Amino acid sequence: MTISPGFRGRRRDDHGGRLPPGQHLVSDFPVLTVGPTPRVPLEEWTFSVIGAVDAGREWNWQQFQALPAEDITVDIHCVTTWSKFDTTWRGVSVDTLLAGTDPQGTHVMAECDGGYTTNLPLADVTGGKAWVAYRYDGASLAAAHGGPARLLVPHLYFWKSAKWVRRLRVMTGDAPGFWEERGYNMYGDPFLEQRYWGD
Ligand SMILES: Nc1nc2c(c(=O)[nH]1)N[C@H]1C(S)=C(S)[C@@H](COP(=O)(O)O)O[C@H]1N2
Ligand SMILES: [Mo]
């Protein structure tokens, strides 16, 4: 079988299936934030697991740094159509954060300084698929990108990777977060192009 140059020319390069439909690659790291960048002193920072759990957890910054961390290299995909390959992070797996809490729910709401929220199925933040990351590209995570710490859920559109995350609230059902209330998809799979309501 031969593929004509004209046919090939109309095909998008999806990098062997690695680039989701409708996305293009960027080499810089765009900043997308609603509102001002919150700045909380590390002495006041805590991270907690709350809601429908048998036992809540809370760590201060020092305790959080002492948790087992992982180095992560992943592709990220923003709903505004940029994708970035091989981003490198260091963070604590959500599995580690939920250990011993015995979650009784189906979903979590990530809650952030500044009031941003986003909802995720519990199954999408467990099983080695999500982290609370505090280093990016070998340095402390910059405030603009969610420092001191942000959620990293690379298999979903990047609006699910909540910057300045402070709490995971386990919920007994699904509920929309900030963008989901404003028309973004409740789930957000980039490979299924689940950008908005009804996708
Ligand atoms: N707290 C908070 N988290 C957020 C956002 C935000 O506005 N506030 N924007 C989301 C969106 S739409 C995207 S694409 C990514 C952007 O992350 P970046 O600015 O590090 O590229 O953060 C997500 N997390
Ligand atoms: Mo986004």
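Reader: How much of the accessible surface of the chain belongs to carbon and sulfur atoms?

Author: This is a predicted model, and every value here is computed from it. The accessible surface of the chain comes to about 9,700 Å². The share that belongs to carbon and sulfur atoms is 52%.

Reader: Which helices and strands does the chain have, and how many?

Author: Both kinds of element are present in the chain. The count is four helices and 11 strands.

Reader: What radius of gyration does the chain have, and why does it agree with a compact globule?

Author: The chain has 199 residues. For that length, a compact globule would have a radius of gyration near 16 Å. The C-alpha trace spans about 60 × 35 × 30 Å along its principal axes. The chain's own radius agrees with the globule value, at 18 Å.

Reader: What percentage of the residues in the chain is buried?

Author: Buried means under 20% relative accessible area. Of the 199 residues in the chain, the buried part is 47%.

Reader: Among contacts between residues at least 6 apart in sequence, what percentage joins residues at least 24 apart?

Author: Take the contacts in the chain between residues at least 6 apart in sequence. Those that join residues at least 24 apart make up 66%.

Reader: How far apart are the mean positions of the positive and negative charges?

Author: The chain has 19 positive and 23 negative charges. Their mean positions are apart by 6 Å.

Reader: Which residues have the most contacts inside the largest nonpolar core?

Author: In soluble globular proteins, nonpolar side chains tend to be buried together. Here the largest nonpolar core has 36 residues. Elements that give two or more residues to this core include β2 (46-51), α3 (94-98), β8 (131-136) and β11 (165-171). The residues with the most contacts inside the core are F47, F64, L97, V132, L151 and V165.

Reader: What does L97 touch, beyond residues up to four places away in sequence?

Author: L97 is one of the residues with the most contacts inside the largest core. F47, F64 and V132 share that list, and L97 touches each of them. Its full set of partners is F47, V49, R57, W59, F64, L67, V92 and V132.

Reader: Which residues are among those of another core, apart from the largest?

Author: This other core has 14 residues. Among them are I72, I76, W82 and W89.

Reader: Is S83 buried or exposed?

Author: S83 lies in strand β5, residues 82-93. S83 touches L19, P20, Q23, H24, L25, V26, I76 and H77, leaving out residues up to four places away in sequence. Its relative accessible area is 0%, so S83 is buried.

Reader: Which residues does a cis peptide bond join?

Author: Most peptide bonds are trans. In this chain, one cis bond has an omega of about 15°. Its proline is in the loop between β9 (139-140) and β10 (150-152). The bond joins G147 and P148.

Reader: Where does H145 lie, and which residues does it touch?

Author: H145 lies in the loop between β9 and β10. With a relative accessible area of 11%, H145 is buried. H145 and P30 are 115 residues apart in sequence, yet 8.9 Å apart in space, C-alpha to C-alpha. Not counting residues up to four places away in sequence, H145 touches F29, P30, V31, R150 and K163.

Reader: Is D137 buried or exposed?

Author: D137 lies in the loop between β8 and β9. Its phi is positive, about 50°, although D137 is not a glycine. The cut-off for exposed is over 50%. At 56% relative accessibility, D137 counts as exposed.

Reader: Is W164 buried or exposed?

Author: W164 is in the loop between β10 and β11. W164 has a positive phi, near 55°. Its relative accessible area is 8%, so W164 is buried.

Reader: Which residues is R167 in contact with, leaving aside neighbours within four places in sequence?

Author: R167 is in strand β11. At 28% relative accessibility, R167 counts as partly exposed. R167 and V108 are 59 residues apart in sequence and 9.6 Å apart in space, C-alpha to C-alpha. The contacts of R167 are F47, S48, I50, M109, A110, E111 and C112.

Reader: Which residues is D199 in contact with, leaving aside neighbours within four places in sequence?

Author: D199 is in the segment after β11. D199 is partly exposed, with a relative accessible area of 45%. D199 and T106 are 22 Å apart in space, C-alpha to C-alpha. The contacts of D199 are N185, E193 and Q194.

Note on methods:
Residues numbered from 1 in each chain as written. Chains lettered and ligands numbered in written order. Predicted model: local features only at pLDDT ≥ 70, side-chain atom pairs only at ≥ 80, totals over all residues. Heavy atoms only, no water. Rg over C-alpha atoms; globule rule 2.2 N^0.38 Å. Buried < 20%, exposed > 50% of the residue type's maximum accessible area, 1.4 Å probe, protein only. Contact = heavy atoms within 4.5 Å. Areas by Shrake-Rupley, 256 points an atom, 1.4 Å probe, with all protein chains shown as cover. Lys, Arg positive; Asp, Glu negative; His and termini not counted. Charge placed at Lys NZ, Arg CZ, Asp CG, Glu CD. Core = buried A, V, L, I, M, F, W, Y, C linked by side-chain atoms within 4.5 Å.
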